[in-house]
Amino acid sequence: MSEQYCPDCGASVDTGNRYCSSCGERITEVTQTPTGKPSNAGGGTKTDGDTTFAAITHILALLTWVIGPLIVYLVTEDQFVKENARNALNWQIMFTIYMTVSAVLLLVLIGFVLILILPLLDLVFCIIAAIKASEGEAWTYPATPDIL
């Protein structure tokens with residue numbers, strides 16, 4: 001398999017990433033040769049801080065529910081961070097809906113299993129999303145439609 005490069009900054013890009021981990025730009029296509037543009041990996045206006053902030057947004061969702069990702073979504077101008085905040089918001093909204101349905105299902109005893117499993121899924125999904133974001137990928141949570 002040949003190596004792929006970001007068309008914007010020329011940095012090496014892993015197959016399947018939708019954002020460059022060096023410059024943070026959305027990748028619509030990859031090139032097979034470096035573009036010759038300097039990579040921002042060694043410094044510049046955009047650094048790994050963008051992917052770090054995107055990863056922190058998912059962890060923030062664990063601690064603050066929708067409040068943290070909503071604030072990040074509203075104040076950031078970085079499209080990669082904004083997409084990760086939108087994904088975290090969509091998941092937290094759906095998580096709330098799933099927990100509400102589980103609470104109603106407690107009346108018929110089915111909800112006990114869901115009430116126990118859903119918080120574990122929330123933790124696991126947020127960690128996976130944070131890891132993917134730190135690698136430059138905006139991970140979409142399973143069973144989560146685009147609400148925002």
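Reader: Which pattern does the protein follow, read along the sequence?
Author: First, a heads-up: this is a predicted model, where local features need pLDDT of at least 70, side-chain atom pairs count only at pLDDT 80 or more, and totals for chains, interfaces and linings use all residues. Residues are numbered from 1 along each chain as its sequence is written, and side-chain values use heavy atoms, leaving out hydrogens and water. Helices (H or I, at least four residues) and strands (E, at least two) are DSSP runs numbered from the N terminus, and the protein has 4 helices and 2 strands. Along the sequence they give β-β-α-α-α-α.

Reader: Is Thr51 buried or exposed?
Author: Thr51 sits in helix α1, residues 49-64. Buried means under 20% relative accessible area, exposed over 50%, and partly exposed in between (1.4 Å probe, protein chains only). Thr51 has just 3%, so the word for it is buried.

Reader: Which residues does Thr51 touch, not counting those up to four places away in sequence?
Author: Contact means heavy atoms within 4.5 Å. Leaving out residues up to four places away in sequence, Thr51 touches Ser21, Phe80, Ala133, Ser134 and Gly136.

Reader: How many residues does the protein have, and what percentage count as buried?
Author: Let's take the whole chain now. The protein has 148 residues, and the buried share is 39%.

Reader: What share of the contacts with a separation of 6 or more comes from residues 24 or more positions apart?
Author: Here we count contacts in the protein with a separation of 6 or more. Residues 24 or more positions apart account for 61%.
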